[in-house]
Amino acid sequence: LNTALWAARTLIKLEPEHHAEAVRTLRRVAENTTANAYERTAAWERLAELGEPHRAAAMATLRGMLANPHTDPQLRCAAGSVMARLGPEFHTEVAAQLLDVARYQADPTDQASAWRELSNLGTRFSREASAALLALSKPEEIVSWPFSRDRQMAYPFEVGDDQALADVATRVVRDPAVDGQSRLDAASRLVGLGRPFHPAALTAVIELLHGHVMPANMLPSVGWAFEEVGATPRAELAEVLRAMTRGPNADAATTVDVAEALEYLDIIADPEIVGQLRGIVTDEFVDIDLHGRAAVALAREVPAEATALARSLRQDDHTAYSWAARMRELADLGADVIPLLRAALTAADSTCRQRDAAAWSITVLRPDLRPEVMPELRAQAADEFLDYPMRSEAMLTLAEADEDARADTIAFHRRVMDDERQPIDCRCAAAARLVQFDTALADTTLDALRRFATSQEFLASERGMAVVSFA
């Protein structure tokens, strides 16, 4: 849908004879209930900008979204943002509705979105919005709303007082009641405030690392947060990270996480880490997925060994797609992986999943080799004895490689969704994938999912699967 939106925008910029096609595409995106808030409102915005007869309908729809208290608050905020851009004559009604979201919605993410939009309406709301966003960033708020979606601390430009934001961020990063991710986010905000606040951020994160507050899988995020600080603080943080690989609780995963963090810090070919990574990739008892991550990390340290490391990768039926993803990463680092992918595609003991993953990777890395993988893809897509997940994957791969296969892919997923004999998880998955290929079927798939989620003919666990598919 996002691609369709941008294509329509491009068509509008071309000759007028393309406008009719652009309008059809924009309406298809705008009216699609599976599109996200940005896509729907952006499509209505472009229609409004085209003038009549499209503007009146677009404005009526946007106004309805904004004023409906039962509409998703994020959609209300997006609609308000669009209306505000379409003209100052809408600012008063937009402000009234956004204040309703900001002051009365329970979710702080929705409150923050509304305050951010209000701050764009002029100076009359800027002081109140800044104070509200700063208050929502305080540790007591973060602790009170652990399940809020997409929480974000206020940004410096939203608060207008670097020291006030730094004080709040410091409180968050030092509060043991706050979760590790939020404390790291607070440290990242301190980094973003500029060089005067870097020492405080570094000290706080080092304390978190020494206190083992954050799980090891967050270490790459630590590196990312500090990738733009000076060389001295990066070196100090790197030494703390290296020390973690020597600790009594360190394992292979710790080494790989540290290696990925050090890459963000622009510390490459560290002898100690390289030696540990070599030990991991030569250990046949290491978890397959972790082995793959270690191989890629080592290839980033020593690119000349990328092809040899690709040959060392192991896979089984459960890790076929992650193996293929590692192959593509290694190819980006200079490894010659096509022979290995071809071998996986043709080996007698390769499973369907392994062949599908190899075929897809070949089409991505070498589009000119698509003809040699098409027979395998077509055979899997036509195999009525394959279970639904595997056949669906094969059909999706085939449709990506061959536009002519889209119709068969849509028909297959429609049959699975409608087939009362199929397990409910397969029917829900088919519905979700169906709408990816044909957005015109969005209402049909939503009707099916709604029935799966609410009908008493299904078990509670099955209704739960349908509810998850709505997300």
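**Exercise 1. Find where Pro-53 sits, then look at the bond in front of it.**

Solution. Start with the location: Pro-53 is in the loop between α3 (37-49) and α4 (54-67). Helices here are DSSP runs (H or I, at least four residues), numbered from the N terminus. Before going on, know what you're working with: this is a predicted model, where local features need pLDDT of at least 70 and side-chain atom pairs count only at pLDDT 80 or more, while totals for chains, interfaces and linings use all residues. Residues are numbered from 1 along each chain as its sequence is written, and side-chain values use heavy atoms, with hydrogens and water left out.

Now step back to Glu-52. The peptide bond joining Glu-52 to Pro-53 is cis, with omega at about 5°.

**Exercise 2. Work out what stands out about the phi of Asp-266.**

Solution. First, find the residue: the loop between α16 (252-264) and α17 (271-281) holds Asp-266. Next, check the angle: its phi is positive, about 65°, even though Asp-266 isn't a glycine. For background, most residues other than glycine have a negative phi, and most peptide bonds are trans.

**Exercise 3. Describe how α12 and α13 pack.**

Solution. Step one is the geometry. Helix α12 (residues 180-192) and helix α13 (residues 198-210) have axes that come within 8 Å and cross at roughly 160°. (Axes are lines fitted to C-alpha atoms over the stretch in contact, and angles run from 0 to 180 degrees between N-to-C directions.) So α12 is roughly antiparallel to α13, since angles over 145 degrees get that label, under 35 is roughly parallel, 65 to 115 roughly perpendicular and the rest oblique.

Step two is the handedness: the crossing of α12 and α13 is left-handed, meaning that the near helix is turned anticlockwise from the far one by less than a right angle.

Step three is the contact (heavy atoms within 4.5 Å). From α12 come Arg-183, Leu-184, Ala-187, Leu-190 and Val-191, and they meet His-198, Ala-200, Ala-201, Val-205 and Leu-208 of α13. Sort these contact residues by class and you get 8 nonpolar, 1 polar and 1 charged. (Ala, Val, Leu, Ile, Met, Phe, Trp, Tyr, Cys and Pro are nonpolar, Asp, Glu, Lys and Arg charged, and the others, Gly among them, polar.)

**Exercise 4. Do the same for α23 and α24.**

Solution. Geometry: the axes of α23 (residues 370-382) and α24 (residues 388-401) cross at roughly 145° and come within 8 Å. Handedness: this crossing of α23 and α24 is left-handed. Contact: α23 brings residues including Met-374, Leu-377 and Ala-381, and among those they meet in α24 are Met-390, Ala-394 and Leu-398. The tally for α23 with α24 is 9 nonpolar, 2 polar and 4 charged residues.

**Exercise 5. Finish with α25 and α26.**

Solution. Geometry: helix α25 (residues 406-418) packs on helix α26 (residues 424-437) at about 150°, with the axes 8 Å apart. Handedness: α25 and α26 cross left-handed. Contact: Ile-410, Val-416 and Met-417 are among the α25 residues involved, and the α26 residues include Cys-426, Leu-434 and Phe-437. Sorted by class, the α25 contact with α26 gives 8 nonpolar, 2 polar and 5 charged.

Definitions and conventions:
Helix = DSSP H or I, 4+ residues; strand = E, 2+ residues; numbered from the N terminus.
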